[in-house]
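Student: I have a new model open on my screen and would like to learn how to read it. Could you walk me through a few features, one at a time?

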Amino acid sequence: MIRPRRPSRDLPDPYPASVLDTVRRRGLIARGEPVLVALSAGPDSTALLAAMASLRDAGEVGPVHALFVDHGLRSGVEAEAATARRSCARLGVPLSVVKVVVGAGNLQAAARRARYAALRAEAARVGAARIATGHTLTDQAETVLLRLLRGAGARGLSGIPPRRGRVVRPLIDRPRHEGLAWLERQELEWCDDPTNASPRYARNRLRLELWPRLLAVNPALEAALARTADLLRDDERALSARARGVLEASPRPSLATLRRLPRAVSRRVIRRLALEVGGRAALPEAAHVERALGLLDGDGDREVELRAGLVARRRGGTLEVAQATRRRGARARARGAPPPQVEIPGPGRFQLAWLGRTLVVAADREAVVAWPLAARTRRAGDRFRPAGGRGSKTLKAWLIDRKVARQRRDTLVLVTDGRGRVLAIPELGVLAEGAAGLSFRVEAGA
């Protein structure tokens with residue numbers, strides 16, 4: 001059993017002390033590691049900012065930076081940015097403010113992608129090892145309850161992970177009301193997001209209508225649901241690890257192997273096969289997975305549709321997930337000729353006409369850059385080692401690990417050095433070792 005550590009004697013308030021307990025117990029931030037705070041000027045992210053500043057002053061974390069992202073979707077953002085600036089100035093935290101372009105598709109999902117790309121880019125620029133977001137115990141409980149109402153399984157009910165890659169959630173064990181009390185004690189201002197009162201969103205309806213009634217039944221509901229998430233996350237990791245082992249032994253598992261596995265593991269094998277082929281956008285829903293599991297019974301080769309143009313296919317005693325239509329001739333032609341590239345002699349704007357995009361290049365320390373660079377899409381044999389990474393791997397494997405869909409991998413803009421080494425993937429907000437002082441942005445239109 002992991003016991004909470006004693007609060008640091010240098011922390012003057014119980015709130016940052018409890019946040020430090022989460023940070024250490026869950027292994028979120030090592031002592032001295034630089035942190036970038038995702039700051040919206042709302043109460044949760046402002047409480048996080050103040051807590052990280054307190055931990056910095058006590059020597060528990062390294063330098064703290066903050067980023068405010070303007071999605072360009074509503075008015076009133078200028079006032080929120082001004083509030084963020086005042087809070088950062090008072091706490092001695094350097095702040096950057098950026099405006100992002102939100103792409104097409106689901107608005108909330110597209111805004112999230114743009115926000116996290118900006119956060120990754122800023123973390124690389126300031127040298128932050130961790131990106132901290134203000135998700136609280138209250139957010140965790142709401143997420144679990146919403147997913148329960150939608151019929152989610154263990155994976156969905158695992159809720160918000162305390163850590164995913166470089167992104168950490170130091171407030172995940174603290175309820176929102178504790179953060180509000182902390183802000184009052186610190187006399188820090190914050191802004192209300194007006195969309196939080198809109199009944200348009202399911203989370204708001206739950207928070208405003210259902211949640212007060214549930215708390216009347218169980219005042220400790222937030223902690224109970226969060227504990228459920230922790231337990232199911234452990235179960236999900238164990239089942240997923242076994243599914244990974246099956247695919248490491250055989251990328252196209254036999255029907256006999258899948259029949260012998262517990263149903264829970266077979267489901268995860270199918271989901272992972274779909275993820276490797278189509279990325280997160282192709283992750284099958286429960287009905288798709290059960291349809292694929294139906295291929296384990298009966299005789300003969302056949303296939304069933306999943307989603308995002310994928311099929312699960314029974315062939316020769318094995319099961320595979322593949323694109324529904326394979327245009328092998330077009331792919332072979334594409335492999336035969338390398339994609340075009342544009343030379344980058346120095347900072348500026350460069351048109352990538354074949355992609356319909358423009359690459360914007362800036363450099364803080366031009367003297368250490370071995371110009372010219374180049375912009376292109378990926379090629380066979382590309383490898384990548386992100387800044388702070390422990391080693392390089394093939395770019396294809398790196399993108400698959402980050403759940404980038406296959407159809408997107410071939411159109412991502414890469415920046416390479418004179419030896420063809422990948423220095424940056426601007427649309428994902430990542431830089432390689434040796435790209436310090438450089439920044440890149442991709443804009444629509446050429």
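Student: Let's begin with strand 13. Which residues lie on each of its faces, and are they buried or exposed?

Tutor: Keep in mind as we go that this is a predicted model. The general idea is that side chains in a regular strand alternate between the two faces of the sheet. Here, strand 13 (residues 373-376) has Leu373 and Ala375 on one side and Ala374 and Arg376 on the other. All four are buried, and both faces of the strand are covered.

Student: Which strand pairs with strand 13 through four bridges?

Tutor: That is strand 10 (residues 341-344), and the pairing is antiparallel. To find the register, look for residues that face each other: Ile344 stands opposite Leu373 of strand 13. Strand 13 also pairs with strand 16, again in the antiparallel sense, over three bridges. There, Ala375 stands opposite Val415 in strand 16.

Student: Where does the chain go after strand 16?

Tutor: Follow the pairings. Strand 16 (residues 414-416) pairs antiparallel with strand 17 (residues 422-425) over two bridges, and Val415 has Ala424 as its bridge partner in strand 17. Ala424 in turn has a bridge partner in strand 18, namely Leu431. Strand 17 and strand 18 (residues 430-431) are antiparallel too, with two bridges.

Student: What should I look for in the turns of these hairpins?

Tutor: Check the backbone angles. Five residues separate strand 16 from strand 17, and Gly420 in that turn has a positive phi of about 85°. The hairpin of strand 17 and strand 18 has four residues between its strands, and there Gly429 takes a positive phi near 70°.

Student: How do I read a whole sheet? What is the strand order in the one that contains strand 8?

Tutor: Work out the order of the strands, then find the edges. This open sheet has three strands in the order 7-8-9, with antiparallel pairing. Strand 7 (302-305) and strand 9 (318-323) are the edge strands, each pairing on one side only. Neighbouring strands are turned by 25° against each other on average, ignoring direction. Strand 8 (residues 310-315) is joined to strand 9 by six bridges, and Arg313 stands opposite Glu320 of strand 9.

Student: Which helix lies across strand 8 and strand 9?

Tutor: Helix 11 (residues 263-278) does, running at about 35° to strand 9. Helix 11 is also among the elements covering the buried residues of helix 12, along with strand 7 and strand 8.

Student: Then which residues of helix 12 are buried, and why do they line one face?

Tutor: In helix 12 (residues 286-293), the buried ones are His288, Val289, Ala292 and Leu293. Looking down the axis of helix 12, these buried residues fall within an arc of 140°, so they line one face of the helix.

Student: Can we try another sheet, the one with strand 12?

Tutor: Gladly; use the same steps. That open sheet has three strands in the order 11-12-19, and its pairing is antiparallel. Strand 11 (348-352) and strand 19 (438-444) are the edges, each pairing on one side only. The twist from one strand to the next averages 20°. Seven bridges connect strand 12 (residues 357-363) with strand 19, and Arg357 stands opposite Ala444 in strand 19.

Student: As a biochemist I always ask about cysteines. How many disulfides are there?

Tutor: The count is zero. The test is the distance between two cysteine sulfur atoms, which must be within 2.5 Å.

Student: Why does Cys88 not form a bond?

Tutor: Because the closest cysteine sulfur, in Cys191, is 12 Å from the sulfur of Cys88, which is too far for a bond. As for burial, Cys88 is buried with a relative accessible area of 2%, and Cys191 also counts as buried, at 17% relative accessibility.

Student: One last residue: where is Asp13 placed, and which residues does Asp13 touch?

Tutor: Asp13 sits in the segment before helix 1 (14-25). Asp13 counts as buried because its relative accessibility is 10%, and buried means under 20%. The side chain of Asp13 reaches the backbone nitrogen of Tyr15 at 2.8 Å. Leaving aside residues up to four places away in sequence, Asp13 touches Trp182 and Arg185.

Technical notes: Residues numbered from 1 in each chain as written. Predicted model: local features only at pLDDT ≥ 70, side-chain atom pairs only at ≥ 80, totals over all residues. Heavy atoms only, no water. Pairing = 2+ DSSP bridges. Buried < 20%, exposed > 50% of the residue type's maximum accessible area, 1.4 Å probe, protein only. Axes fitted to C-alpha atoms, helices over the stretch in contact; angles between N-to-C directions. Contact = heavy atoms within 4.5 Å. Arc of directions from axis to C-beta. Polar contact = N/O pair within 3.5 Å; in protein donor to acceptor, adjacent residues only side chain to side chain.
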